[in-house]
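Student: I should like a close look at a single part of this protein. Please take the aromatic rings and set them in their surroundings.

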Amino acid sequence: LYAACNYFSEKNKKCVYLPLSENKKFEPDVLYGFDNYDLVCIDNIDLIFQKEDWEYSFFVLINKILDKSKKIIFTSSSSLALNNINLKDFHSRLSSSLIFMINSPNDTTKENILKRVILEKEYNINVDICEYLLKRKDRDIDSLLKIIDKIGNYSLSTNKKIGKNNLGLVINWFVIFFSYVKNWTYEYYYCLLYTSPSPRDGLL
């Protein structure tokens with residue numbers, strides 16, 4: 001999804017990324033206007049299955065996107081055949097999509113992905129922290145990408161080079177900062193999700 005958004009952004013196309021792991025922080029009407037983007041990327045769509053308001057809103061959105069010949073990509077952590085989707089038309093629409101099964105990346109692939117993100121987004125980060133992050137508890141690719149984006153945005157805003165030697169201080173700052181502004185942060189995410197053209201603007 002990151003690569004797809006970056007590709008469209010480089011072509012001066014509008015794109016939006018929505019992580020549904022955050023779906024409890026906003027309502028289905030956040031999807032309003034998404035059909036005006038050239039590319040819509042939806043992460044973990046299975047998290048809204050059996051939620052009637054979300055299912056209907058996505059069904060309407062997909063129809064609008066198809067009518068306008070736009071693009072939508074979504075991910076699911078399990079097969080559509082294994083999920084109980086209440087809205088049958090929505091299930092049918094998803095099932096008619098072009099579906100690929102992607103295996104979980106190994107550590108080498110994860111490290112290469114992180115290095116590529118650092119390079120593409122021009123973060124002021126030493127690539128040696130990739131190996132360090134892979135030794136942490138949260139080693140799934142979503143968690144790794146989130147922490148890389150947070151570290152990268154911090155490095156750009158402070159104009160400081162981040163490496164293994166000072167990474168611990170940066171991570172501790174995140175923990176303290178977000179614990180103090182938790183409610184404000186949720187509202188900020190909501191605005192970004194509604195207006196941001198790409199993940200580059202700090203969604204994660």
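Tutor: A search of the whole structure, which is a predicted model, finds five aromatic pairs. A pair of aromatic rings is described by the distance of the centres and the angle of the planes. One of the pairs joins F34 and Y37 in an edge-to-face arrangement, with 5.9 Å from centre to centre and 80 degrees between the planes. F34 is buried, its relative accessible area being 0%. Y37 has a relative accessibility of 9% and therefore also counts as buried, the limit being under 20%. The ring of Y37 has a further partner: the charged end of K14 sits over this ring, 5.5 Å from its centre.

Another edge-to-face pair is made by F49 and F90, whose centres are 6.2 Å apart and whose planes meet at 70 degrees. F49 belongs to the loop between β2 and α2 (52-67), while F90 belongs to helix α3 (residues 88-95), so the pair ties together parts that are 41 residues apart in sequence. Both members count as buried: F49 has a relative accessibility of 8%, and F90 has one of 0%. Elsewhere, ring pairs link F26, W54 and F58 into a cluster.

The loop that carries F49 starts from β2, which leads to the sheet. Three strands make up this open sheet, in the order β1-β2-β3 and with parallel pairing. At its edges are β1 (15-19) and β3 (71-74), each of which pairs on one side only. On average, neighbouring strands of the sheet are turned by 10 degrees against each other, direction ignored. Four bridges connect strand β2 (residues 39-43) with β3 in the parallel sense. Among the paired positions, L39 has K71 in β3 as its bridge partner.

Helix α1 (residues 2-10) lies across β1, β2 and β3, and its course makes an angle of about 165 degrees with β2. Two aromatic residues, Y2 and F8, are among the buried residues of α1, together with A4, C5 and N6. The buried residues of this helix pack against the three strands β1, β2 and β3 and also against α4 (107-120) and α6 (141-158). After α1 comes N12, which has a positive phi, near 60 degrees.

It remains to place these parts within the whole chain. The protein has eight helices and three strands, and from the N terminus on its elements run α-β-β-α-β-α-α-α-α-α-α. Of its 204 residues, 40% count as buried; F34, Y37, F49 and F90 are among the buried residues. Contacts between residues 24 or more positions apart account for 74% of the contacts in the protein with a separation of 6 or more. The pair of F49 and F90 has already shown a link between parts 41 residues apart in sequence. As for the surface, the protein exposes about 12,000 Å², and carbon and sulfur atoms supply 51% of this area.

Conventions:
Residues are numbered from 1 along each chain as its sequence is written. This is a predicted model: local features need pLDDT of at least 70, side-chain atom pairs count only at pLDDT 80 or more; totals for chains, interfaces and linings use all residues. Side-chain values use heavy atoms; hydrogens and water are left out. Two strands pair if DSSP finds at least two bridges between them. Axes are lines fitted to C-alpha atoms, for helices over the stretch in contact, and angles run from 0 to 180 degrees between N-to-C directions. Contact means heavy atoms within 4.5 Å. Rings of Phe, Tyr and Trp (its six-membered ring) pair if their centres lie within 6.5 Å; planes under 30 degrees apart count as stacked, over 60 as edge-to-face and the rest as tilted. Buried means under 20% relative accessible area, exposed over 50%, partly exposed in between (1.4 Å probe, protein chains only). A charge sits over a ring if NZ of Lys or CZ of Arg is within 6 Å of the ring centre and within 35 degrees of the ring normal. Accessible areas come from the Shrake-Rupley method with a 1.4 Å probe; for residues, only the protein chains shown count as cover.
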